[in-house]
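Trainee: I would like to learn how to read a model of this kind step by step, beginning with its interior and then moving to its helices and loops. Where should we start?

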Amino acid sequence: MASDINYQDGPVFSRRQESPAEDEEPVHSPTRRQDEYERIGGRSGSSSFQTLIHLLKGNIGTGLLGLPLAVKNAGLVMGPLSLLVMGIIAVHCMNILVKCSHHLSAKLGKPFLSYGEAVEYGMENVSWLRNYSRWGSRVVNLFLIITQLGFCCVYFVFLSDNIKQVIEAANGTTMNCNTNQTAVIVPSYDSRLYMLFILPFIILLVFTRNLKFLAPFSFLANLVMSASLILIYYFCLTHIPNPVNLPKVGKAKDYPLFFGTAIFAFEGIGVVLPLENKMQKPKKFSMVLYLGMGIVTMLYISLGTIGYITFGDQIKGSITLNLPDCWMYQIVKLLYSFGIYITYALQFYVPAEILIPPAVARVDPRWELLVDLSIRVGLVILTWGRQVFSYLSADRFMTNGYEAHHSGVICKLHDWFCRDTVIGEEKRSGDSVTWQCFVVRLLCCGQIFKVANTLVRFCPGALAILIPELDLVISLVGSVSSSALALILPPLLQIITFHSEGLPAWAVLKNILISVVGLVGFVAGTYISIVEIISRQHGKQIDAYFQEKT
């Protein structure tokens, strides 16, 4: 999910100084609106083919590798069908965003509107929302920051743990790739040491403030990631078992996890407006959008389905973790890691462009460069520093036994809701912690550190090889931020943008339905992901505690 363009501010345009004669023409004139629409791209803009390549690049990333497990959560039939429906809805929401941006930019006489600006000016169309319009832009920027830093977290640990796996499996790596046996890991150094080794290279990478200098490396990264995907497809297609005995429909409690993972993969809506406004002929963008997203959707459905069929119930959070222990597929991991390394800078560019300019504007010019670089280092450390928080909390909940830090009324409530006092085990509803236990755990002073540690610790670990919570973290990031940007906000934006111009009732109902679906996915996916992360982490601590006792 990367692009070498500025997601937030879009392309740089020279603001046109309109003549008095131009000012006299009403902004709602069809001729003026069409001229404005054609003028946005300009002769120096991107061609339709270039825009298509950028669109594919902006939607194909690490989320693709987690889709086979997402299909497992939904079922062999329900999963692909759900991906198809979600792809149609996602493309529709992208098209809605573009139309709203066109309408508002022509109405305001602006050559370009970012996602946040479109929401802000859309809210100004509604009298009772006008005073809160600035918050619309802030909310969008907040979700963009959360989403992009979440991607950076994913990339950081993907690098460290893939390198760790290749090094640890080196002694057992062979030239025989005609097996689906996963690499056997021989434990060596902690993965955090690999992360520490990679940290300086990541910092040097994000010091590149102009993405045009990364363009050649970005092109190379696209090539090697494409080659890696081709090899992954080849292995899956040549190792499909016969017969296939997999459930057609997954468990209902796992479907929210599918939703979060799928919307994480489809979250390319941040690149839509910059790409459209950078085209030579923006009127052709709809055709490019439908073609590109059609290719993306078919790619998602095919790899998700074939990957699940090939590995079955053994499928892991990233399909690369199921690749055999041979040099060709170890090289695949290294090639994909190089692509992810370059992509880190592209994803990092979005929160940097949102956070750095306001901070730099507040300092003396001689300190601007230092402040700029300091913020970049701080953001990188934020995506890297799970081990710092992990050390501070130090799993102290289980250090001296289960009762060590349980005191006070709230923690007694924790014992009541979360523990079976007869057998001393945690109460569960099915395979998940009960909701009462989850709420009380958040309130319990001793557990606040545990919950925070869990979230910070696993946020960077979405593609970690040694941590099995890959599916949960991708689902969490997708449910929290991607669902808001891709499903909830665009339909609401269309309602407030055209509310005074006779938007049909069926369109309003359709938009409300899409937003409700996104909201339900947001709530359910976030809740299930957090509860399952806590549950699995707590299970690990229980196991570690009894192993230590024995």
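Mentor: Let us start with the core, keeping in mind that this is a predicted model. In soluble globular proteins, nonpolar side chains tend to be buried together. Here the largest nonpolar core has 117 residues, and those with the most contacts inside it are Ile 232, Tyr 344 and Val 380.

Trainee: Which residues does Tyr 344 touch, leaving aside those up to four places away in sequence?

Mentor: With those set aside, Tyr 344 touches Cys 152, Tyr 155, Phe 156, Ile 202, Leu 205, Val 206, Val 380 and Thr 383. There is also a second, separate core of 7 residues, which includes Leu 472, Leu 476, Ile 528 and Ile 530.

Trainee: How do I read the packing of two helices, and at what angle do α8 and α14 pack?

Mentor: The angle is taken between N-to-C directions, and values over 145 degrees count as roughly antiparallel. Helix α8 (residues 133-168) and helix α14 (residues 327-360) pack at about 155°, with their axes 8 Å apart, and the two are therefore roughly antiparallel to each other. Their crossing is left-handed, and by class the contact of α8 with α14 has 20 nonpolar, 8 polar and 1 charged residues.

Trainee: How many residues of helix α5 are buried?

Mentor: Burial is judged by relative accessible area, with under 20% counting as buried. In helix α5 (residues 67-74), 7 of the 8 residues are buried, so the helix is largely enclosed by the rest of the structure. The buried residues are Leu 67, Pro 68, Leu 69, Ala 70, Val 71, Asn 73 and Ala 74, and α5 is followed by Gly 75, whose phi is positive, near 115°.

Trainee: Is Ser 82 buried or exposed?

Mentor: Ser 82, which has its place in helix α6 (residues 78-108), has a relative accessible area of 8% and is therefore buried. Not counting residues up to four places away in sequence, Ser 82 touches Tyr 255 and Phe 258.

Trainee: What should I look for in the loops, and where does Val 271 lie?

Mentor: Val 271 lies in the loop between α11 and α12 (272-277), and at 1% relative accessibility Val 271 counts as buried. Val 271 and Gly 58 are 213 residues apart in sequence and 6.5 Å apart in space, C-alpha to C-alpha. Backbone geometry also deserves a look: Pro 243 lies in the loop between α10 (215-237) and α11 (255-266), and the peptide bond from Asn 242 to Pro 243 is cis, with omega near 5°.

Key. Residues numbered from 1 in each chain as written. Predicted model: local features only at pLDDT ≥ 70, side-chain atom pairs only at ≥ 80, totals over all residues. Heavy atoms only, no water. Helix = DSSP H or I, 4+ residues; strand = E, 2+ residues; numbered from the N terminus. Buried < 20%, exposed > 50% of the residue type's maximum accessible area, 1.4 Å probe, protein only. Contact = heavy atoms within 4.5 Å. Axes fitted to C-alpha atoms, helices over the stretch in contact; angles between N-to-C directions. Parallel < 35°, antiparallel > 145°, perpendicular 65-115°, else oblique. Left-handed = near helix turned anticlockwise from the far one by under 90°. Nonpolar A, V, L, I, M, F, W, Y, C, P; charged D, E, K, R; others polar. Core = buried A, V, L, I, M, F, W, Y, C linked by side-chain atoms within 4.5 Å.
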